[in-house]
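Colleague: Got a minute to look at a model with me? I'd like to talk through its cavities and a helix pair.

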Amino acid sequence: MIESNLVALREEFTHRNVLICFNGPVSHGLIEEIGTAIRRYLESDAGKGVTAADVFAVYVEFSQNMKAYLERRAFTGDRGAATILVSREGERYAVTAGNVVANDDLVPLLARVDALAGLDAAALRALYKQRLREERPPGSTGAGVGLIDVARRSAGRVRYATWPMDPDHTLFGITAVV
Amino acid sequence: MNALDVKQTKSSPAVWFDPARNVLGILGESYPENSFEFYAPLFEWLREALPALPALRVEINVSYMNSSSTKCMLDLLDALEAAHRQGKRVELDWYYDRDNPRSLDLAEEFREDCHFEFRTVVAEG
């Protein structure tokens, strides 16, 4: 039963300063609703201004990326679950997104995140502008600049970690601190 | 003449054209499920209606836009810039949030490539 783990679950959330956590299939409606919850929470916690806007923006980019990817790969059930966490890290907020990735997609994904790591604000801005003007690949639902947008809003580099799930799939977790 | 009147939702802005004032308005937040589909009617309207308009005023008050919407917005500004280059009178009022410096940064990034009249205005409330 879920309650037999309740103490451990609460301790984990408390220890990690988790404000909001979701794990499951994401629809557009759910992304909207969780977004509203995040906003309401931040209004009482951080007030208006840059931070609240950045947390919301990073959350939207991550969650929409996950939704688009999981749909494109037609992942369902446990494999189709998206994990979203908003937690406190010191004075800042951390937004974490986790989803299963097919191993074929993993290397290009990590390369894209790695490519952003060494870039300063001016370089990120230039890359963003350049990418924004490039032609979209056919069938794409995004502009291809979501990660760059997240990197621009992040304090420090965007972090990630991976865990093998089975011979063909890996769990990918990404965190931006705002 | 096509009417343009898209209602606002939680994740998508109202988009309308007011023929009495020759004003194109966009108001709300923009993170729809598919930005390109969402903004398609606007681009279709522009293609059909803009050539016949003597001038166009645009009012944009979008307090948040996701990266896909930013791409669509850039496409809109490019269309306005093209109209301006062809001699059409184009003006834009871009509303921003005084409490959020990023909101003004965004406006100014968009303004960089525009040569028509592009004003930034503090949004009320």
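Modeller: Sure. First, the term: a cavity is a set of grid points where a 1.4 Å probe fits but cannot get out, and lining residues have an atom within 4 Å of a point. Keep in mind that this is a predicted model.

Colleague: How many cavities of 30 Å³ or more are there?

Modeller: Two. The largest holds about 120 Å³ of space. The second largest has a volume of about 30 Å³.

Colleague: Which residues line the largest cavity?

Modeller: From chain A, A:Tyr128, A:Lys129, A:Leu132 and A:Arg133. From chain B, B:Thr70, B:Leu74, B:Leu106, B:Glu109, B:Phe110 and B:Asp113. By class, that lining has five nonpolar, one polar and four charged residues.

Colleague: Which helix gives the most to that lining?

Modeller: Helix 5 of chain A, with four residues. Helix 2 (67–85) and helix 3 (101–111) of chain B each supply at least two.

Colleague: And what lines the second largest cavity?

Modeller: A:Arg133, plus B:Leu74, B:Leu77, B:Asp78, B:Glu81, B:Phe110, B:Asp113 and B:Cys114. Helix 2 of chain B has the largest share, four residues. The classes are four nonpolar, no polar and four charged.

Colleague: Switching topic. At what angle do helix 5 and helix 6 of chain A pack?

Modeller: About 160 degrees, with axes 10 Å apart. Angles over 145 count as roughly antiparallel, so that is what this pair is. The crossing is left-handed.

Colleague: Which residues make the contact?

Modeller: On helix 5, A:Leu124, A:Arg125, A:Leu127, A:Tyr128 and A:Arg131. On helix 6, A:Ile148, A:Asp149, A:Ala151 and A:Arg152. Five are nonpolar and four charged, with no polar ones.

Conventions:
Residues are numbered from 1 along each chain as its sequence is written. Chains are lettered from A and ligands numbered from 1 in the order in which they are written. This is a predicted model: local features need pLDDT of at least 70, side-chain atom pairs count only at pLDDT 80 or more; totals for chains, interfaces and linings use all residues. Side-chain values use heavy atoms; hydrogens and water are left out. Axes are lines fitted to C-alpha atoms, for helices over the stretch in contact, and angles run from 0 to 180 degrees between N-to-C directions. Angles under 35 degrees count as roughly parallel, over 145 as roughly antiparallel, 65 to 115 as roughly perpendicular and the rest as oblique. A crossing is left-handed if the near helix is turned anticlockwise from the far one by less than a right angle, and right-handed if clockwise. Contact means heavy atoms within 4.5 Å. Ala, Val, Leu, Ile, Met, Phe, Trp, Tyr, Cys and Pro count as nonpolar, Asp, Glu, Lys and Arg as charged, and the others, Gly among them, as polar. On a 1 Å grid over the protein atoms alone, a cavity is a set of points where a 1.4 Å probe fits but cannot get out, and a pocket is an open set with protein on both sides within 12 Å along at least five of seven lines; lining residues have an atom within 4 Å of a point. Grid points are joined across faces, edges and corners, and a volume is the space filled by probe spheres set on the points.
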